Amino acid sequence: MNINRKKLLLVMLVISCLGCFCFTAGDKAFSINKKLGRGINLGNALEAPKEGQWGITLRKEYLELIKQAGFDSIRVPIRWSAHAEKNAPYTIDPNFFERVDWVIDNSLSNSLYVIINMHHYEEIFNDPNSHAERFIELWKQIAEQYKNQPDSVLFEFLNEPHNMLDDDKWNKLSAETLKEVRKTNPDRIVLIGPGSWNNLGKLDKLQLPADDDNIIVTIHYYEPFQFTHQGASWIGEQTESWLGTKWTGTDGQKTAVIKDFEKACRWGKEHNKPVNLGEFGANSKADMDSRARWTSFVARQAEMQGFSWHYWEFCAYFGVYDKDNHKWRQPLLKALISDSNEQPD
Ligand code: GLC
């Protein structure tokens with residue numbers, strides 16, 4: 001081989017490595033988003049002020065049931081802020097950490113991917129300036145605790161930023177948090193969602209650090225709200241007057257969902273970010289036919305756009321599982337797990 005051919009080969013090798021590098025940048029986030037696939041929120045347990053206070057205490061069998069039913073992952077809402085010191089160094093209660101360790105261990109032993117989030121940090125929504133430091137310090141401890149976990153453990157910085165934690169403040173806070181988390185977890189996948197309750201309409205305001213590929217963007221979907229939140233007492237009295245609202249799947253209703261999801265998909269493509277639908281669901285006060293119809297339509301549309309998803313939630317008000325009678329609510333389970341594009345009548 002003469003010297004010029006050797007040089008040519010070397011140049012080709014470098015180019016192919018560079019090409020490979022370019023094409024693999026961000027691939028991990030996309031491939032893990034596929035693995036998240038279809039999931040469930042373990043709602044109303046660890047994000048209650050104290051586990052059990054909202055009627056749900058997590059059990060080993062829940063993780064087994066979720067896996068056996070065909071789900072790929074779980075999202076665990078957690079109220080860390082209620083289990084840590086109010087003042088610096090804001091130490092998280094070791095017993096509470098043990099409880100979250102238990103959830104992670106049981107998820108992994110059932111081959112479920114698991115998202116650890118921060119939920120209901122109410123104080124930061126009312127007074128972000130006073131709580132930013134504590135928020136970051138909490139995440140530093142969580143990141144340290146789970147730095148040796150496999151890639152199947154993911155972090156989600158904050159459920160539904162809203163109120164005084166506006167878009168600008170949230171962009172700044174999430175970037176600062178990411179910088180700290182990256183010191184111990186250089187390439188763990190982190191989920192970050194837009195402001196105003198992870199509203200997909202706010203994606204345009206979301207700014208993510210340009211140099212970090214290991215991010216999945218997460219959005220929530222509860223539209224039409226008067227249907228999904230009819231009789232939802234925690235929202236307010238007005239929800240009583242929404243009782244009886246149906247979702248029949250008219251062309252107009254379907255088009256609204258499709259348009260919203262297309263918007264989120266477009267944003268993901270433009271920013272080269274995978275999209276997760278971290279919450280969607282309809283309250284049990286709605287009629288079951290409408291719930292199943294809406295759930296099936298939303299889940300299939302999300303899949304068509306390449307989103308992973310997490311139904312809200314396992315066994316409380318929106319529950320797909322009836323914990324008192326130890327059985328799945330079949331119309332909802334079928335709506336979630338069915339591979340068919342058929343909609344229930
Ligand atoms: C949000 C709230 C949660 C509520 C759900 C449905 O995730 O944080 O508490 O149950 O939306 O309203």
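Student: Leaving aside its neighbours within four places in sequence, which residues is S107 in contact with?

Tutor: Keep in mind that this is a predicted model. S107 is found in helix α4, residues 94-109. Once the neighbours within four places in sequence are set aside, the residues in contact with S107 are L63, I74, L112 and V114.

Student: Is S107 buried or exposed?

Tutor: The cut-off for buried is under 20% relative accessible area. S107 has a relative accessible area of 0%, so it counts as buried.

Student: V114 came up as a contact of S107. Which residue has V114 as its bridge partner in β3?

Tutor: Start with the strands: β2 (residues 73-76) pairs with β3 in the parallel sense, over four bridges. Within that pairing, V114 of β3 is the bridge partner of I74.

Student: Why is β3 described as largely enclosed by the rest of the structure?

Tutor: Strand β3 covers residues 113-117. Look at which way they point: Y113, I115 and N117 go one way, V114 and I116 go the other, and all are buried. In a regular strand, side chains alternate between the two faces of the sheet. The strand is largely enclosed because the number of its residues that are buried is five of the five.

Student: Which residues touch the most other members of the largest nonpolar core?

Tutor: In soluble globular proteins, nonpolar side chains tend to be buried together. Here the largest nonpolar core has 89 residues, and helix α6 (residues 128-145) gives the largest share of them, six residues. The members that touch the most others are W80, I116, F135, I142, F280 and W328.

Student: Take I116, then. What is it in contact with, leaving aside its neighbours within four places in sequence?

Tutor: I116 points the same way from β3 as V114, and I116 is one of the core members that touch the most others. Its contacts, without those sequence neighbours, are V76, I78, W80, V100, I104, W139, I142, V153, L154, F155 and E156.

Student: How many residues are in the second, separate core?

Tutor: I115, which points the other way from β3 than I116, belongs to this second core. I32, L36 and L191 are also among its members. The size of that separate core is nine residues.

Student: Over to the pockets. Which element gives the most to the lining of the largest pocket?

Tutor: The largest pocket has a volume of about 840 Å³. Of its 30 lining residues, E160, W197, H229, W234 and I235 are the closest to its centre. The elements that give two or more residues are α5 (122-126), α8 (195-198) and β6 (215-221). With three residues, the one that gives the most is α8.

Student: How do the residues of that lining of the largest pocket divide by class?

Tutor: W197, among the residues closest to the centre, counts as nonpolar, and E160 as charged. Across the lining of the largest pocket, the division is 12 nonpolar, 11 polar and seven charged.

Student: And which residues are closest to the centre of the second largest pocket?

Tutor: That pocket holds about 230 Å³ of space. Helices α2 (27-36) and α10 (251-270) each supply at least two residues of its lining. By class, the lining has five nonpolar, six polar and three charged residues. Closest to the centre are F30, P274, V275, Q305 and G306.

Technical notes:
Residues numbered from 1 in each chain as written. Predicted model: local features only at pLDDT ≥ 70, side-chain atom pairs only at ≥ 80, totals over all residues. Heavy atoms only, no water. 1 Å grid on protein atoms, 1.4 Å probe; cavity = no way out; pocket = protein on both sides within 12 Å on 5 of 7 lines; lining within 4 Å. Points joined across faces, edges and corners; volume = space filled by probe spheres on them. Core = buried A, V, L, I, M, F, W, Y, C linked by side-chain atoms within 4.5 Å. Buried < 20%, exposed > 50% of the residue type's maximum accessible area, 1.4 Å probe, protein only. Contact = heavy atoms within 4.5 Å. Pairing = 2+ DSSP bridges.
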